[in-house]
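Notebook open, model loaded. I'm jotting down what I look up as I go.

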Amino acid sequence: MTVSLQRAHSVAALRALAQQALPRPLFDFIDGAAEDEWTLRANESAFDDWAVLPRPLEGAAQRDLSLTIFGQRLASPVLVGPTGLAGLFWPQGEIATARAAAARNTVYCLSHGSVCTLEALTQAMEQTHGSEQAARCWMQVFIYRDRAFTRELVERARKAGYGALVVTVDNQLLGKRERDLVNGFSIPPRFGPRQWPAFAGKFPWWWRMRGELDRITFGNYVREGSRETVAGLAGRMASMLDPGMTWDDIAAVRRQWDGPLLIKGLLHPEDARRALQTGVDGVIVSNHGGRQLDGALPSLRALPGVVQAVDGRIPVLLDGGVRRGGDVFKALALGASAVLLGRPHLWGLAVAGQPGVVHVLKTLDDELDRVMGLAGVCAVSQIAQAGVVVRAGGG
Ligand SMILES: Cc1cc2nc3c(=O)[nH]c(=O)nc-3n(C[C@H](O)[C@H](O)[C@H](O)COP(=O)(O)O)c2cc1C
């Protein structure tokens, strides 16, 4: 383990290290959110509304963090969520992150906006970890204006052996991320005089990424033999978002994909009911980490309504603001089956690549294990029934 990782005892400490490691426009691309960033802050602070009411005499000497979800046995309820452009923060960032998830026996969800192709990811995982771990990789797509492209990605994901498909529905317009606008963040990154001060002094990142920067692209969008530039690709991606999508589009994906299908980006209980009626296998309560609709309800606050609407018929997962094992505990107590990470794993990746992501996952698992031991709960499957999480204000 690198010296800096040894000193990083929390996700917050890794964030600080990532800030030192990355050029400012890249750090802000990860860290920032839409407009006033209220939803980002509220996602994190929503966990403070709840407190643990421990029961120390329940005999929690042995704790079991494992679970089975969509037929996959995982060692932890902490999963790695989809984040675009991971390969910009560390060479082959997506593969490094998937290997870290494999090392912790958990899920890695690849973003549609990955630098590597979806095929390259599962091929790499099959080579090092076998097809079982490739199936622990999930694939995330959007409903694109060009529906044929959605169908194409779904078909490619099936052929490549992905174990579940995640359709993100809260990205139908691009959020107004003001840090990116101020920094002039773009894909490919610009290195003009305006950016120079931000990139100067980040020599280790430059050195590591030498030879890689030319290859930064949206791998899944590249057409063989096409001469489209990366800027052209980025523009095409943005123009493919579609606020006109409807439940019929989800039904079409359902007909095409016969494996586990999840919708990511639901907050409304009525939408959770519609998801059930449409034959979806799981919902991810999420507001995209506050990167899209600023003012959207914090994920943790939306969770109980969705859990009630779904009534145990399909798993409900949550992302947004998870920074501590205690946050995972509270989300599970409120009915989530598992949580996904967004920013935290990217901070680990930016600091140390694969070991950095392992460090984030291990830190959260260790914290969760400790909270379970102190709260008197022996298994993650028992957290919701244990009745040990209450409103922090009492009652
Ligand atoms: C840099 C970055 C890129 C992201 N890209 C995607 C994406 O391509 N698809 C997607 O569904 N969500 C994407 N997300 C959202 C995350 O999957 C997740 O919903 C959110 O980050 C969770 O909040 P957290 O960062 O507070 O953990 C991205 C998030 C970040 C930080």
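**End of a helix**

I started where H18 stops: Gly376 comes right after H18 and has a positive phi, near 85°. Then I checked the helix itself, keeping in mind that this is a predicted model. H18 covers residues 354-375, and its 22 residues should span 32 Å at 1.5 Å a residue. I get 31 Å between its end C-alpha atoms, so the length agrees with the expected value.

**Positive phi outside glycine**

Most residues other than glycine have a negative phi, so I went looking for exceptions. Glu35 is one of them: not a glycine, yet its phi is positive at about 45°. I found Glu35 in the loop between H3 and helix H4 (38-45). Is Glu35 buried or exposed? Neither, quite: Glu35 has 16 C-beta neighbours inside 10 Å, so I log it as partly exposed.

Phe70 also goes on the list, with a positive phi of about 50° and no glycine to excuse it. Phe70 sits in the loop that links strand S2 (67-69) to strand S3 (72-74). I count 20 C-beta neighbours inside 10 Å for Phe70, and 20 or more is the cut-off, so Phe70 is buried.

**Around S9**

Next I went to strand S9, residues 282-285. In a regular strand the side chains alternate between the two faces of the sheet. In S9, Gly282 and Ile284 point one way, Val283 and Val285 the other way, and all of them are buried.

Which strands pair with S9? On one count I have S8 (residues 261-266), parallel to S9 and joined to it by 4 bridges. Leu266 is the residue opposite Val285 there. To get from S8 to S9 the chain goes through helix H14 (residues 269-277), a right-handed β-α-β crossover.

I also have S10 (residues 316-319), which pairs with S9 in the parallel sense over 3 bridges. Val285 turns up again, with Leu318 as its bridge partner in S10. From S9 to S10 the chain passes through helix H15 (residues 299-310), and I noted this β-α-β crossover as right-handed too.

**Ligand shell**

Last stop, the ligand. I find 25 residues surrounding it, and the closest are Ser111, Thr168, Gly289, Gly342 and Arg343. Helix H3 (24-31) and helix H17 (343-352) are the elements that give two or more residues to the shell. What is the shell made of, nonpolar, polar or charged? I sorted its residues into 6 nonpolar, 15 polar and 4 charged.

Terms used
Residues are numbered from 1 along each chain as its sequence is written. This is a predicted model: local features need pLDDT of at least 70, side-chain atom pairs count only at pLDDT 80 or more; totals for chains, interfaces and linings use all residues. A residue is near a molecule or strand if its C-beta atom, placed from the backbone, lies within 6 Å of it. Ala, Val, Leu, Ile, Met, Phe, Trp, Tyr, Cys and Pro count as nonpolar, Asp, Glu, Lys and Arg as charged, and the others, Gly among them, as polar. A residue is buried if 20 or more other C-beta atoms lie within 10 Å of its own, exposed if 12 or fewer, and partly exposed in between; C-beta atoms are placed from the backbone. Two strands pair if DSSP finds at least two bridges between them. A crossover is right-handed if, with the strands pointing away from the viewer, the path from the first strand over the helix to the second runs clockwise. The expected span of a helix is 1.5 Å times one less than its number of residues.
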